[in-house]
Amino acid sequence: MTRSELIERIAAKMPNLTIRDIDNIVCVIFDKLTTALADGNRVEIRGFGAFSVRDRDPRIAINPKNKTRVNVPAKKIVHFKTGKELHDRLNAK
């Protein structure tokens, strides 16, 4: 689902809000999530999951085209862990 599809689905369920209002709300939510993660905080959405920042160590990788070794520096990555409700819905039989 893209951001525009999310806005369209919210607009269909909440006809009293304008598309511009919904777009602003979605932008604020994503901005706050991004800011919290950039600050190193954990973001948890109950029933959905939790986002956290992890450190990835530097490593040596191999370029598959020419088989040369490439130094990959250390970096931070976003890790997502599903919540129990989402996990149960995905694995329901």
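Here are some exercises with worked solutions on the predicted model shown above.

**Exercise 1. Work out the order of the strands in the open sheet, and say which strands lie at its edges.**

Solution.
- Start with the order: the open sheet has 3 strands, arranged β1-β2-β5, and their pairing is antiparallel.
- Next, look for strands that pair on one side only: these are β1, at 43–45, and β5, at 75–82, and they are the edge strands.
- Then add the geometry: from one strand to the next, the twist averages 25°.
- Now take one pairing in detail. β1 meets strand β2, residues 49–56, in the antiparallel sense over 3 bridges.
- To find your place on screen, use V43, whose bridge partner in β2 is F51.

When you follow side chains along such strands, keep a general rule in mind: in a regular strand they alternate between the two faces of the sheet.

**Exercise 2. Describe the hairpin formed by β3 and β4, including its turn.**

Solution.
- Locate the two strands first: β3 covers residues 59–62 and β4 covers residues 69–72.
- Their pairing is antiparallel and runs over 4 bridges.
- A handy bridge to select is that of I62, whose partner in β4 is R69.
- Finally, look at the turn. There are 6 residues between the strands, and K67 in the turn has a positive phi of about 60°.

**Exercise 3. Find the aromatic pairs, classify their geometry, and decide which rings form a cluster.**

Solution. It helps to recall what to compute: a pair of aromatic rings is described by the distance of the centres and the angle of the planes.
- The count comes to 2 aromatic pairs.
- Take F48 and F80: their ring centres are 5.4 Å apart and their planes stand at 50°. The class "stacked" needs planes under 30 degrees apart and "edge-to-face" needs over 60, so an angle of 50° makes this pair tilted.
- Place these two residues in the chain: F48 is in the loop between β1 and β2, while F80 is in strand β5, so the pair ties together parts that are 32 residues apart in sequence.
- Take F51 and F80 next: the centres are 4.8 Å apart and the planes at 45°, so this pair is tilted too.
- This second pair also links distant parts of the chain, with F51 in strand β2 and F80 in strand β5, 29 residues apart.
- Put the pairs together: F48, F51 and F80 are linked by ring pairs into a cluster.
- As a last step, check accessibility. F48 has a relative accessible area of 38% and is partly exposed; F80, at 31%, counts as partly exposed as well.

**Exercise 4. Go through the salt bridges: which residues are paired, and are their side chains buried or exposed?**

Solution. The count comes to 5 salt bridges. Let's walk through some of them, using the cut-off that exposed means over 50% relative accessible area.
- E44 and R42 form a salt bridge in which the closest N and O atoms are 3.0 Å apart. E44 is partly exposed at 40%, whereas R42 is exposed at 55%.
- K76 and D55 have their closest N and O atoms 2.9 Å apart. This pair links distant parts of the chain: K76 is in strand β5 and D55 in strand β2, 21 residues apart. K76 has 59% relative accessibility and counts as exposed; D55 is exposed, also with 59%.
- D88 and K84 meet in a salt bridge at 2.9 Å, N to O. Both are in helix α3, residues 84–90, and they are 4 residues apart, so about one helical turn separates them. D88 is partly exposed at 39%, and K84 is exposed at 63%.
- Finally, look for shared partners: R42, E44 and R46 are joined into one network by such salt bridges.

**Exercise 5. Which residues make the nonpolar surface patch, and where does F30 lie?**

Solution.
- The patch, about 260 Å², is made by I25, I29 and F30.
- F30 lies in helix α2, which covers residues 19–38.
- To see why F30 can belong to a patch, compare its relative accessible area of 36% with the cut-off of over 30% for patch residues. At that value, F30 is partly exposed.

Definitions and conventions:
Residues are numbered from 1 along each chain as its sequence is written. This is a predicted model: local features need pLDDT of at least 70, side-chain atom pairs count only at pLDDT 80 or more; totals for chains, interfaces and linings use all residues. Side-chain values use heavy atoms; hydrogens and water are left out. Two strands pair if DSSP finds at least two bridges between them. Axes are lines fitted to C-alpha atoms, for helices over the stretch in contact, and angles run from 0 to 180 degrees between N-to-C directions. Patches are made of residues with over 30% relative accessible area and no salt bridge: like charges are joined within 9 Å, nonpolar side chains (Val, Leu, Ile, Met, Phe, Trp, Tyr) within 5 Å. Accessible areas come from the Shrake-Rupley method with a 1.4 Å probe; for residues, only the protein chains shown count as cover. A salt bridge is a side-chain nitrogen of Lys or Arg within 4 Å of a carboxyl oxygen of Asp or Glu. Buried means under 20% relative accessible area, exposed over 50%, partly exposed in between (1.4 Å probe, protein chains only). Rings of Phe, Tyr and Trp (its six-membered ring) pair if their centres lie within 6.5 Å; planes under 30 degrees apart count as stacked, over 60 as edge-to-face and the rest as tilted.
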